[in-house]
Amino acid sequence: MASCAACGTTILFGGARDGEARFCNAKCKAQGSLRLAVERVPDTLVSSRVWMIREGRCPECRGAGPVDLHCSYRVWSGLIVVMHSTRPHICCKRCGTRAQWRDAAFSFVLGWWSVWGLIWTPVQLYRNIRDILRSEDLSKNTPQLELLVRAQLADDLRTHRLIWPPSSPR
Amino acid sequence: MTRRTWLGVRALLALVLVACFYVLALGLAVGLLWLSYVQLRSGRPAYGLIVFCLAGATSVMWSVVPRRDRFEAPGPRLKEVDHPELFALLREAASWTSQPMPEDVYLINDVNAFVMQRGGMRERRRVIGLGLPLMAVLTVDEFKGVLTHEFGHFHGGDVMLGPWIHRASEAMNRTISQLAESVLGFIFAWYAKMFVRITLAISRRQEFAADELAATLVGANVMAAGLKKIDVAGRVHQSFWCSEIIPIVQAGFCPPFTEAFSQYLEAPRISAFLRAVSEDPNAVIKSGAYDTHPALPDRLTALARLPAGSPRDSRPSLSLLRSVEGCEREVLASFSDDLGTLGPIDWPSVTQSVFLPIWRHRVQRHGSVLRRFAVGAPPATRQQLVEIGQAILSEDADDDRAISAAWSLLIAAFAVALTPLGWLAETQPGDEVVFRRGSQELRPFSELQSVVDGQKSLTDWQARCAAFGIADVPMVADSELAHG
């Protein structure tokens with residue numbers, strides 16, 4: 001009996017298909033198709049694209065790299081609402097640190113104004129300060145950059161209908 | 001309704017939607033400010049609610065404030081003095097469409113061309129970007145068609161509407177990301193979706209109009225041929241760049257990548273694959289609501305109604321550039337200054353200078369898994385390849401990935417084993433590695449792939465290796481392995 005390629009549920013009848021994969025419903029198909037597309041991106045393409053990003057100019061300041069994925073964390077809250085987010089920046093370490101200081105200041109001013117805000121604000125402040133103080137190995141990229149690039153390539157594959165011809169081994 | 005009226009109505013609708021977005025955003029911000037004011041005036045103000053309203057209002061207003069248009073050169077800027085023939089063609093397309101010449105012409109590393117307008121109403125600068133790989137695949141006639149198509153966007157006034165729509169879309173994106181998944185965010189997300197659908201429908205119509213204009217100059221057949229080439233080349237360029245060029249650039253060389261792209265598209269394996277893709281009846285492409293351009297079949301159908309014309313200049317469009325090598329160097333330098341200083345390398349030297357050191361390193365690291373094999377008795381079943389690949393990667397690596405890793409190691413091992421015996425490894429863009437010694441030739445990948453697929457027997461391979469005197473050569477010599 002077939003099972004959903006995204007959530008593993010047994011499919012008795014119906015469902016949705018994407019190539020050979022079967023899914024229990026359209027939502028699972030959307031999730032599963034994206035995951036399949038991500039898995040299908042060849043490793044060599046990912047590593048080459050990551051290398052180009054690392055060696056290229058910083059998209060924020062146009063200065064020399066190495067460029068990597070840096071995250072900054074912010075929160076703002078009021079009464080019953082709390083909004084917290086992790087914001088990715090593909091940039092050099094300097095620009096990444098600047099974004100982390102900016103979001104730390106933002107959270108420090110606007111984070112505390114609800115009960116959940118009292119909990120989330122120290123968390124986001126800690127994350128920003130931790131990343132600012134962390135000494136990075138500049139010779140290696142973060143695994144998160146690789147994941148992001150893989151997802152972007154998979155998205156390109158779908159939206160721009162890119163194709164990867166079978167490459168001969170070298 | 002004529003096409004021009006349709007475009008006008010849609011464009012007007014887009015402008016109304018832009019205005020409505022700003023009204024909606026500012027109205028929301030004013031509403032939130034008013035609510036916080038009412039709270040402050042009341043006897044027992046809820047300070048949490050006030051902070052929420054103030055933060056929400058500030059957030060929305062900050063999102064809709066237009067940002068300064070920071071222009072970043074998409075590549076090296078071309079000068080007329082360096083490329084007079086290219087500029088002469090640009091001038092011809094400009095005069096045909098009764099448009100002034102663009103102030104800036106850039107070279108980009110994409111199978112694409114674009115036009116845009118920078119600056120405000122007073123200091124407008126027209127910019128055109130031309131893809132170096134685009135020029136690698138088109139003839140002069142086809143390239144002229146592309147240029148006329150791009151000037152058609154100036155002619156149709158498309159670039160006037162574009163910046164407004166672009167700025168509004170950016171403001172919507174900022175607002176949606178600021179408001180995250182709140183109810184307000186959903187309202188803006190719904191609005192943005194409708195806005196994008198309408199503006200992209202306009203964009204697709206503008207493409208048809210630009211195609212029509214270009215076809216009147218170069219003929220519908222030439223235009224259609226160019227579009228077909230661009231479609232195929234555009235879809236594989238990323239793969240070509242990452243698999244063929246980056247490894248060479250990583251090794252510190254600047255290869256002739258423009259010429260290599262044409263060779264890549266013509267390589268037997270690649271062209272057979274592309275033919276199969278284009279002839280696949282299940283892959284009929286239709287225009288989607290979120291596509292900026294109409295699907296190729298729709299564009300070809302529209303062109304088929306126009307006069308066919310005949311080609312006049314079938315020289316490669318790269319001949320319009322005075323120095324392709326110089327352009328390639330400038331394109332690389334636009335990525336980073338370091339890449340602009342790389343030494344040139346011709347394609348025949350790539351195997352020895354780039355791949356052989358990589359292969360030696362690979363064999364040193366993972367060669368021990370091939371110890372029990374000889375050149376005449378290599379791994380030749382799918383199961384053996386999976387086991388080798390999993391030994392290289394990890395036991396839980398999936399079969400396809402493992403087989404791919406196994407093939408890479410096998411080719412490296414063949415190269416390291418055969419080179420001291422006078423064999424020369426050669427490769428062309430998109431083609432497999434071929435080993436040659438005088439008139440003798442081995443193609444380990446395709447020959448052994450047929451054995452793995454069961455199309456050929458291993459004895460043919462063994463007989464050939466025996467005839468060449470290499471059957472008993474070990475795949476990996478102990479001296480090649482890394483010790484410790």
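The following exchange asks what lies behind several terms applied to this predicted model.

Author: In this predicted model, local features need pLDDT of at least 70 and side-chain atom pairs count only at pLDDT 80 or more, while totals for chains, interfaces and linings use all residues. Residues are numbered from 1 along each chain as its sequence is written, and chains are lettered from A and ligands numbered from 1 in the order in which they are written.

Reader: What makes chain A more spread out than a compact globule?

Author: The globule rule is 2.2 Å times the number of residues to the power 0.38, and the radius of gyration is taken over C-alpha atoms. For 170 residues the rule gives 15 Å; chain A has 21 Å, well over that, so chain A is more spread out than a compact globule. Its C-alpha atoms fill a box of roughly 55 × 45 × 25 Å along the principal axes.

Reader: What are the domains of chain A, and where do their bounds come from?

Author: The bounds come from an automatic or database domain assignment. This gives domain 1 (1-40) and domain 2 (44-158), with 32 Å between their centres over C-alpha atoms.

Reader: How many residues of chain A are buried, as a percentage?

Author: A residue is buried if 20 or more other C-beta atoms, placed from the backbone, lie within 10 Å of its own. In chain A, 36% of the 170 residues are buried.

Reader: How many residues does each chain bring to the contact?

Author: Two residues are in contact if their C-beta atoms, placed from the backbone, lie within 7 Å. Chain A brings 29 residues and chain B brings 34. On the side of chain A that touches chain B, the largest share, seven residues, comes from α2(A). Helices are DSSP runs of H or I with at least four residues, strands runs of E with at least two, numbered from the N terminus.

Reader: Why are β6 and β8 of chain B called edge strands?

Author: Two strands pair if DSSP finds at least two bridges between them. The open sheet has the order β6-β7-β8 (chain B), with antiparallel pairing. β6 (424-426) and β8 (440-442) of chain B each pair on one side only, and are the edge strands.

Reader: What makes β7 and β8 of chain B a pair?

Author: Strand β7 (residues 434-437) of chain B and β8(B) are joined by three bridges in the antiparallel sense, and the criterion asks for at least two. R436(B) has E441(B), in β8(B), as its bridge partner.

Note on methods: Buried ≥ 20, exposed ≤ 12 C-beta atoms within 10 Å, placed from the backbone.
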